[in-house]
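Work through the exercises below with the sequence and the 3D view at hand. Each task is followed by a solution in steps.

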Amino acid sequence: MTVIVIIIVAAMVFAYVLPMAVLASTVPPPPPQDDPSIWVIDDPEGPWNQPEEEPEEKLIPRLTITSTAPTLNVGQQEQLHFVMEDFPEGTLPEWSTSNPSIVVVNDIGVIRAVAPGRTDVILRAGDLRASLLVTVSELKANRVVIDLITEDIARTGPRQYEISVGDVIRLSARIEPEGAKVDRFSWTLGNADVASLSASTGHANEFIATAIGRTSVIVTADSLMDEISITIVESGVPVDQIWVWIRNIVILVVIIVAVAVVLTLLVQRHKKQKARQKAIAAKRRREEAERRAREEAAMEMQRDMLGPRAAQPEERMTMKVSGTAVGAGLPPLQPEIKEPERPVTLDDLD
């Protein structure tokens, strides 16, 4: 029993003393205080007390088309939107489509529907790829219209025209809305005795006027129809053009007559004014002549009564002023009244 106790005590001493001896042998001696390159164990700034550096987080690029899958009609367009994140600087997106005959896309993501069907629109950036399904439905036609391509066609009413025998006009059938599809066009004439068509199908045609009369041109596209009326007259100037000329001539004649009437009135007024001025001038000349005649008659009478010692005109005036003794019984001489001068006119020259 004693031996066992001694063995246990010896084992405990051995287990305690041996680790301490090993630890003492591994601890380096303290460095000299004058060496700054050697860290001391209790130095708080030692490398064993520095925090460990966290590893740098690696960014993962992300590419997403944010637009919803569109459904377009033929001919329609739409802008697609997307998100690019955490790509290297200078990375550019690239757009494409799986089937360009159905949908086409440009460099900025605008898609345009070309034909009915379904296809993917693809966006690539670096090693990533995103796609969007686009559905294109067929645009339904709701109207067909006949257009006259030939110019200078006389219009006589809504959807009514007039041409001459031998004229050829070009016709074209147009579908609305634009981009809608139809199976075929069919052309017919209401009166084939006065005209003919160069073709019975196709969207373009030529109408040839062969005789005088009236006919209609009818085009059908699937279940749609349009019609125009054409009147064919003799070759020459169209009737509507003749009416235009007649109207212009009448207007011109009315203007000429009005100007002539105004000029005639002005000339007559001028003649009346001139005749009035001549009459006034003649009256003045007649009155002047009568006045001079009276003065000469009075002077002649004075000479006859005074005899050879007839006074001169100056003396007669003196006698009239001095008194009535001389020449008593003679009629007093009237002083000459001078009329105010007036400007000379063209009538005086006549």
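**Exercise 1.** With which residue does Glu 300 form a salt bridge? Classify both partners as buried, partly exposed or exposed.

Solution. The model is a predicted one. Step 1: the partner of Glu 300 is Arg 303, and their closest N and O atoms are 2.4 Å apart. Step 2: the two residues are three apart in helix α2, so about one helical turn separates them. Step 3: partly exposed covers the range between 20% and 50% relative accessible area. Glu 300, at 37%, is therefore partly exposed, and so is Arg 303, at 35%.

**Exercise 2.** Asp 226 and Arg 159 meet in a salt bridge. Find where each residue lies and classify both by accessibility.

Solution. Step 1: the N to O distance is 2.4 Å. Step 2: Asp 226 belongs to strand β18, while Arg 159 sits in the loop between β11 and β12; with their positions 67 residues apart, the pair links distant parts of the chain. Step 3: buried means under 20%, so Asp 226, at 14%, is buried. Arg 159, at 29%, counts as partly exposed.

**Exercise 3.** Which strands stand at the edges of the open sheet β2-β9-β8-β5?

Solution. Step 1: the four strands are listed in their order in the sheet, and their pairing is mixed. Step 2: β2 and β5 each have a single partner strand, so they are the edges, and one side of each lacks a neighbour in the sheet. Step 3: β5 runs antiparallel to β8, joined by four bridges. Trp 95 stands opposite Leu 123 in β8.

Key:
Residues numbered from 1 in each chain as written. Predicted model: local features only at pLDDT ≥ 70, side-chain atom pairs only at ≥ 80, totals over all residues. Heavy atoms only, no water. Pairing = 2+ DSSP bridges. Salt bridge = Lys/Arg side-chain N within 4 Å of Asp/Glu carboxyl O. Buried < 20%, exposed > 50% of the residue type's maximum accessible area, 1.4 Å probe, protein only.
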